[in-house]
Amino acid sequence: MNRSACLIFNPVAGQGDPEQELAMIRALLEPEIDLNIYYTTAELGADKLAELAVKQGAQAIIVAGGDGTLSAAATAIVGTDIPLGIISRGTANAFAAALKIPDTIDAACQTILQAGTRYVDTAYCNGKPMVLLAGVGFEADTVEMTGPEAKKRLGIMAYILAGVQQLRNLQSFEVEIETDDKVIRTTASAVTVANAAPPSSVLAHGPAGIIYDDGLLDLTIVAPESKAGAIAATFHLLQTASSGSPVERDDIGYLRGNRFKINALPPQKVVLDGEIIGTTPIEVHCVPAGLKIFVPFDQAVSPVEKLEGLPNLTIHSKDSSKIQE
């Protein structure tokens, strides 16, 4: 046995039996990897556990939990070159879905054992690590409405039902978005800044596909004039997310860049990787190639390939009567 890793296990994540799931993980990994197992608690989160693992010289860190656990653990790992393994046990598991990492324990463990890796971008939002996205307005309100009991009972459907209910109380707000070279002011119901997002994160998919290793963040503005328009815009985003094509509606706009400042009036709730973190204003910036992730072999990319593929960091915007510079 010549490999070792820290396993950060969240016992309250997801809908399964944590004892059985941990036993399965150990049965699959421990024949080849010496596991040092840490359990998250209400007092000791994945961020502190990952920090401890880094100080103790961990060769790899494996997170068994949901997107919130993963995001917290990334606090200590960004920029360290310590490979991160993902075993999805949460409600949405959006980061694993975006990177096409298997969502079953068996396949996720096999991915870690194969030891194929690639570098992916990460970001910081108001100083907190962001692996997925930050949502202002509608998405944050939807997440806040989705309680832990509903997630435990219904899984991903809990978010969908909360979103449908939130459409009845759709609110618009004034928003100012500042990039390195421009300021945009408009009225919106939702603003999403994404580092990575699966098609199910529909409010993030204004651009033609979100690339998680291009050194850029993708910002989508949804500004419907009515509830019917919000439903139509959401359906259109679902279609574009599935097809990988850009939006073609005047009430949806998007930007690509490596840094955004967002302010709203009145102040809006902010959700970061599935957790409410407060209200606007926020500042988000990208960390290119900030995380090294265990991925299936067909997703693995060498560091040289990764660096050669980074584009110039430019900003693109969609012409829209709703978005005024």
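In this predicted model, Arg259 and Glu283 form a salt bridge, and their closest N and O atoms are 3.3 Å apart. Arg259 belongs to strand S13 (residues 259-265) and Glu283 to strand S16, so the pair ties together parts that are 24 residues apart in sequence. Neither end of this bridge is buried: Arg259 has a relative accessible area of 32% and is partly exposed, and Glu283, at 31%, is partly exposed as well.

The structure holds seven salt bridges. A salt bridge with an N to O distance of 2.6 Å joins the side chains of Glu21 and Arg89. Because Glu21 sits in helix H1 and Arg89 in the loop between S4 and helix H4 (94-98), this pair connects parts that are 68 residues apart in sequence. Here both Glu21 and Arg89 are buried. Asp213 and Arg118 likewise meet through their side chains in a salt bridge, at 2.6 Å from N to O. Asp213 is found in the loop between S10 and strand S11 (217-222), while Arg118 is part of strand S5 (residues 117-125), and the two are 95 residues apart. Asp213 and Arg118 are both buried.

Strand S7 (residues 133-137) offers a good place to look at strand pairing. Five of its five residues are buried. S7 pairs with strand S10 (residues 190-194) in the antiparallel sense over five bridges, and with strand S14 (residues 269-272), also in the antiparallel sense, over three bridges. Gly135 can be followed to each of these partners: it stands opposite Thr192 in S10 and opposite Val271 in S14.

Helix H5 (residues 105-114) has Ile105, Ala108, Cys109, Thr111, Ile112 and Leu113 as its buried residues. These buried residues pack against helix H1 (18-29) and against five strands, namely S1 (3-9), S2 (33-39), S3 (61-65), S4 (83-88) and S16 (282-294). After H5 comes Ala115, with a positive phi near 65°.

Turning to the protein as a whole, its secondary structure comprises ten helices and 17 strands. Of its 325 residues, 53% count as buried. Its accessible surface is about 14300 Å², and carbon and sulfur atoms account for 51% of this area. Among contacts between residues at least 6 apart in sequence, 74% join residues at least 24 apart.

How confident is the prediction, on average? The mean pLDDT is 80, and 71% of the residues score at least 70. Residues 154-164 have a pLDDT below 50, and this stretch makes 21 contacts in the model beyond near neighbours in sequence. Residues 302-325 also stay under 50, with 51 contacts beyond four places in sequence.

Technical notes: Residues numbered from 1 in each chain as written. Heavy atoms only, no water. Buried < 20%, exposed > 50% of the residue type's maximum accessible area, 1.4 Å probe, protein only. Helix = DSSP H or I, 4+ residues; strand = E, 2+ residues; numbered from the N terminus. Contact = heavy atoms within 4.5 Å. Areas by Shrake-Rupley, 256 points an atom, 1.4 Å probe, with all protein chains shown as cover. Pairing = 2+ DSSP bridges. pLDDT = per-residue confidence, 0-100. Salt bridge = Lys/Arg side-chain N within 4 Å of Asp/Glu carboxyl O.
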